[in-house]
Amino acid sequence: PEQSIPIAPSGADRLFTGNLGRDTGWLLPAAFLAAIWGIASRWRRPRGDGLRACYVLWGTWLLVLAVTFSVTTYVQTYYTAALVPAVAAILATAAVSLLRTGGPISKIGLAIVSAGTTAYAVWLVPAHGGAHVPGWLVPAIIAVGAVAVVVIIGSAVFKRAVLATAAVAAALVAALA
């Protein structure tokens, strides 16, 4: 017999809790914040600005699909993979933008988003991970997230290119952990 994955009922938090949160939505908050930051930081640029167009395109893609998957009565978990290109494009574009032009305020924002993503993962994994979550996973997520925040703040204070690269890499490793 076919096994079914339990899915939360329709609602605004459907993609952020349960199996969909753990398997699909764990990077959605970071992607939404990065898209908002990207659009806001490039708001006064000319209409043909490629980065602004990138944030608008992928942010719209992400928003439309997130709303659609949140309000439909039935969601096939396979289809939520359509969120991945938008999440990847937004986070990659934000990472490159921060490496090229990120000032101290942007890096503090990155530290806050990284800490928030870590906290979300620390809540999400044990709450919705089932019985198959190894005991070392949550402490590892906390450790990697803490290192990422320290490196990001260090890169804002010491303003060296290698630290900026390390900061973005640490934030990505923390998010993926």
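Which residues form a nonpolar patch on the surface? The legends below, which describe a predicted model, begin with this patch.

**View 1. The nonpolar surface patch.** Ile108, Ile112, Ile153, Val157 and Phe158 form the patch on the surface, and together they have about 480 Å² of accessible area. Two elements, helix H5 (104-128) and helix H6 (137-158), each give two or more residues to the patch. H6 gives the most, with three residues.

**View 2. Ile108 and Val157, two members of the patch.** Ile108 is found in helix H5, whereas Val157 lies in helix H6. Ile108 has a relative accessible area of 37% and is therefore partly exposed. For Val157 the relative accessible area is 54%, so this residue is exposed. Val157 is also shown with Tyr55, which is 102 residues away along the chain; the C-alpha atoms of the two are separated by 28 Å.

**View 3. The salt bridge between Asp49 and Arg42.** The structure holds one salt bridge. In this pair the side chains of Asp49 and Arg42 meet at 2.7 Å, N to O. Asp49 and Arg42 are both buried. Side chains of opposite charge can pair when their charged atoms come close.

**View 4. The surroundings of Arg52, a buried residue without a salt bridge.** Arg52 is placed in helix H3 (residues 50-71). The nearest side chain of opposite charge to Arg52 is that of Asp49, at 5.2 Å. A salt bridge requires a side-chain nitrogen of Lys or Arg within 4 Å of a carboxyl oxygen of Asp or Glu, which means that a separation of 5.2 Å does not qualify. A polar atom of the Arg52 side chain does lie 3.0 Å from the backbone oxygen of Trp43. When residues up to four places away in sequence are not counted, Arg52 touches Arg42, Trp43, Arg45, Pro46 and Arg47. One of these contacts, Arg42, is the residue whose side chain meets that of Asp49 in the salt bridge.

**View 5. Tyr78 in the loop between H3 and helix H4 (84-101).** Tyr78 has a relative accessible area of 65% and is therefore exposed. Thr24 is 54 residues from Tyr78 in sequence, and the two are 9.8 Å apart in space, C-alpha to C-alpha.

**View 6. Ala170 and its contacts in helix H7 and beyond.** Ala170 lies in helix H7, which spans residues 161-176. Its relative accessibility is 13%, so Ala170 counts as buried. Leaving aside residues up to four places away in sequence, Ala170 touches Ala148 and Val151. The C-alpha atom of Ala170 is separated by 9.3 Å from that of Val150, a residue 20 places away along the chain.

**View 7. Gly135 in the loop between H5 and H6.** Gly135 counts as exposed because its relative accessibility is 68%. Thr72 is 63 residues from Gly135 along the chain, and the C-alpha atoms of these two residues are separated by 35 Å.

Conventions. Residues numbered from 1 in each chain as written. Predicted model: local features only at pLDDT ≥ 70, side-chain atom pairs only at ≥ 80, totals over all residues. Heavy atoms only, no water. Helix = DSSP H or I, 4+ residues; strand = E, 2+ residues; numbered from the N terminus. Buried < 20%, exposed > 50% of the residue type's maximum accessible area, 1.4 Å probe, protein only. Lys, Arg positive; Asp, Glu negative; His and termini not counted. Polar contact = N/O pair within 3.5 Å; in protein donor to acceptor, adjacent residues only side chain to side chain. Contact = heavy atoms within 4.5 Å. Patch = residues over 30% accessible without salt bridge, like charges linked within 9 Å, V, L, I, M, F, W, Y side chains within 5 Å. Areas by Shrake-Rupley, 256 points an atom, 1.4 Å probe, with all protein chains shown as cover.
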